[in-house]
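Student: Please take me slowly through one part of this structure, and show me how that part fits with the pieces around it. I am new to this, so please explain the terms as they come up.

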Amino acid sequence: MASRREFLQLALAASAVPLAARGVLAAPAGWADESTAPTPLYAVVFDERYPASRAFAGEAKRLGLSTRGIGGDVTRLWFDDLDRRWRQEPAAIAGLTTYGALFCLDVLARDYGMRTRFRADHYLDRAAGRVEHVMAGPAALLRDADTLMRGQAAWGRGLARVVTRHPASPAPATRLTLVARAEHTGEDPAHLVSWVISPWGPPAWAAGGGPESSLVGERAKF
Amino acid sequence: MPPLPPGVTAQQFSNALREFGSAVGPEWVLSTDEDIRTYRDAFSPFWEEAEEPIPSAAVGPNTVEQVQQVVRIANKYRIPLWAVSTGRNLGYGGAAPLNSGTIVLDLKRMNRVLEVSEENAYALVEPGVSFFDLYRDIQERGLKLMLDLPQPGWGSVMGHALDRGVGQGPYEDRFGAHCGMEVVLPSGEVMRTGMGAVPGAKSWQHNPYGFGPFVDGMFAQSNFGVVTKMGFHLLPEPEALRLVTVTAPRRDDVVPFVNTVGYLKNAGICPASFGIRSPRNDTGYWSASLKFYGPLKVIDAQWEHAQEKFSAIAGVRFQEDALYRFPLSPDAIDGIPNKNVLGIPDLAAFGQGFVRDGRPHGYGHYFFAPIIPMTGEAMLEAQDVFEQAFKQLELPGRGPVGFTGWQRRSLISLISLPVEHDTGKAQKNREAFRGLMRIAGEHGWGVYRAPVVFMPDAMEVYSYNNHALRRFHETVKDALDPNGILAPGKCGIWPRRLREAREARA
């Protein structure tokens with residue numbers, strides 16, 4: 001498996017084709033393609049401070065999902081909502097937040113047998129007015145991302161449609177990098193991350209096993 | 001495939017896992033690659049290098065009896081165990097052990113709040129109880145009690161105290177505020193300390209000492225036993241909290257400035273932890289952030305007295321930052337930036353850039369934490385020494401600008417080094433970290449705590465009289481844990497059979 005550095009170099013090498021999709025990396029041979037049944041999302045988390053994240057939440061809401069706004073800190077969301085919900089049973093969530101928020105939720109979710117199954121890092125280059133999406137997740141989902149986000153400046157809305165299609169059944173992670181023009185370059189931060197955290201294994205503390213790892217623990221392997 | 005414990009064959013390891021499964025339930029023996037990944041230190045200074053400690057498996061008991069069985073099985077196979085409560089002390093090692101192949105004894109399932117007394121303001125908890133758990137218990141029962149919290153607040157009440165972490169409230173020294181322990185010894189025997197040694201004890205959490213030697217300290221930052229219950233004194237909810245900032249204009253003000261802070265602390269007028277910063281500019285060379293907890297009339301008088309004392313320094317300025325009245329409404333809590341000082345656990349630090357994954361430093365940090373005397377002279381010396389050390393070790397910046405009160409009469413200068421995933425940069429930072437510890441030691445300062453992978457290096461500094469202290473620790477270790485199964489090497493304390501590992505590291 002390529003290291004994160006190697007992967008970024010790969011992406012850099014492909015940047016000779018500007019503002020274009022760089023293609024979905026194929027799943028390893030022998031893996032069955034994942035089911036198309038989507039993961040039921042308990043909540044979609046967004047950071048109220050950032051336009052891309054608000055657009056993401058707006059589209060999620062339009063799609064009928066329940067949204068939760070944070071201001072960077074996930075404490076209230078965790079303490080008043082998710083912890084209570086997850087004590088009953090694991091429930092998938094998705095979001096477009098800072099990395100700090102994902103880091104906390106990923107660590108907390110692990111105790112309930114959940115892992116980060118889709119992750120996309122969104123790197124905003126203000127000077128160039130473009131955004132780079134470095135994504136890892138199930139192959140079918142990344143094909144959807146390629147379709148929904150290719151060349152989209154309003155990428156937050158497309159991303160909301162992507163996470164709602166995250167498959168419920170486990171699948172190996174593959175990689176995709178897209179580059180597009182960006183809007184709100186003056187208000188969005190240089191780095192945001194979108195993600196899906198979903199159940200895996202028995203609904204209990206530290207449950208695990210299987211072919212796919214948490215993409216937060218694996219961040220160095222991008 | 002996870003690494004095997006040293007000196008243990010694959011067959012022996014497999015047999016041991018089966019026996020652990022019989023003790024705790026096979027679903028609580030975790031040994032796949034995916035399982036093990038969750039026990040890596042997310043902030044490891046050795047991330048993905050050959051030296052990164054990777055456990056062989058994790059075992060999750062739910063009761064003290066199961067802990068006893070696990071310890072006995074580990075003795076049978078001479079498999080090392082590394083106990084963690086929640087494993088979230090990021091910056092100091094997380095859940096990862098010191099040595100690859102060690103089995104993590106994960107106590108997270110033991111998460112029961114066993115007793116909370118409002119009348120005597122104490123709690124008795126198991127290792128897996130987080131600050132969030134205890135806070136929720138207190139809130140749901142409507143008890144007028146306050147927690148003394150670290151930041152962030154997702155760690156274990158017990159684990160944080162056993163690492164001698166400091167809270168931001170009036171008790172500050174959280175290990176010092178504990179009262180009574182239950183410990184599974186390396187033999188598998190259960191012992192209770194203090195008044196808890198009396199069968200049917202009625203004052204276990206009321207008096208810490210009991211009768212005879214006070215042994216509780218032997219189980220903090222050590223590898224002499226697995227603590228399975230621990231009592232803590234809590235703070236009765238105060239009427240109010242006042243936050244203030246005092247500023248002194250000149251570098252030379254430091255001696256009377258720190259002396260005044262120390263007097264206020266040691267006289268019990270302002271006992272809570274505090275911070276002193278030096279922006280090193282003309283807008284106010286020194287500033288101290290102080291907290292006053294108590295009845296409003298009392299803290300008004302304390303603040304007035306503090307201002308009188310500080311007024312001996314020409315040009316000193318006072319600023320009242322906030323006044324909070326308890327109980328706080330949920331709406332009021334929402335708008336407060338640092339909730340920890342109010343006894344409300346939070347994760348806000350992560351939302352403020354505590355963890356960054358942008359470029360170039362997105363992989364966390366680890367802490368260098370030397371203890372210095374609470375005097376102005378010591379602060380100036382530390383600033384000068386570490387400024388030179390930063391130059392010598394080619395670290396960015398000028399060294400520490402901030403100091404924090406740490407227990408009663410000392411300060412800490414908390415310096416974080418970034419975790420790097422580039423091997424060359426990571427190696428440079430590790431060498432710098434060891435260099436900082438060495439330089440601190442040459443000036444008579446030791447660290448109060450160290451990231452797990454640097455624990456043996458930290459103990460090297462505590463070398464008075466040819467390491468008499470470490471030799472004492474290891475004499476105790478050999479007596480209590482002859483098979484060396486509990487956390488070998490933790491805090492630089494190695495069992496006899498593995499001491500050559502220390503020599504090899506040296």
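**From a surface patch to a sheet**

Tutor: Let's begin on the outside, where Y462(B), L469(B) and F472(B) make up a nonpolar surface patch with about 300 Å² of accessible area together. Such areas come from the Shrake-Rupley method with a 1.4 Å probe, and for residues only the protein chains shown count as cover. Patch residues have over 30% relative accessible area and no salt bridge; like charges are joined within 9 Å, and nonpolar side chains (Val, Leu, Ile, Met, Phe, Trp, Tyr) within 5 Å. A salt bridge is a side-chain nitrogen of Lys or Arg within 4 Å of a carboxyl oxygen of Asp or Glu.

This is a predicted model, in which local features need pLDDT of at least 70 and side-chain atom pairs count only at pLDDT 80 or more, while totals for chains, interfaces and linings use all residues. Residues are numbered from 1 along each chain as its sequence is written, chains are lettered from A and ligands numbered from 1 in the order in which they are written, and side-chain values use heavy atoms, leaving out hydrogens and water.

Back to the patch: F472(B) belongs to helix α13 (residues 464–480) of chain B. Helices (H or I, at least four residues) and strands (E, at least two) are DSSP runs numbered from the N terminus. With a relative accessible area of 53%, F472(B) is exposed; the cut-offs are over 50% for exposed, under 20% for buried, and partly exposed in between.

Now for the part I'd like you to look at closely: strand β14 (residues 286–294) of chain B. Eight of its nine residues are buried, so β14(B) is largely enclosed by the rest of the structure. Which strands flank it? β14(B) pairs antiparallel with β12 (residues 240–248) of chain B over nine bridges, and antiparallel with β13 (residues 275–277) of chain B over three bridges. Two strands count as paired if DSSP finds at least two bridges between them. Strands of a sheet pair through backbone hydrogen bonds, either parallel or antiparallel.

You can follow single partners, too. A288(B) is the bridge partner of V246(B) and also of I276(B), while S289(B) is the partner of G275(B).

Zooming out, these strands sit in an open sheet of seven strands with antiparallel pairing, in the order β15-β12-β14-β13-β18-β19-β17 (chain B). At its edges are β15 (317–325) and β17 (371–373) of chain B, each pairing on one side only. On average, neighbouring strands here are turned by 25° against each other, direction ignored.

Helices also lie across β14(B). Helix α7 (residues 296–310) of chain B lies across β12, β14 and β15 of chain B, at about 10° to β12(B). Helix α10 (residues 376–392) of chain B crosses β13, β14, β17, β18 (402–406) and β19 (410–412) of chain B, at about 140° to β17(B). These angles run from 0 to 180 degrees between N-to-C directions, with axes as lines fitted to C-alpha atoms, for helices over the stretch in contact; contact means heavy atoms within 4.5 Å.

Finally, the whole chain: chain B has 14 helices and 20 strands, and 61% of its 506 residues count as buried. Among its contacts with a separation of 6 or more, 71% involve residues 24 or more positions apart.

Terms used
Buried < 20%, exposed > 50% of the residue type's maximum accessible area, 1.4 Å probe, protein only.
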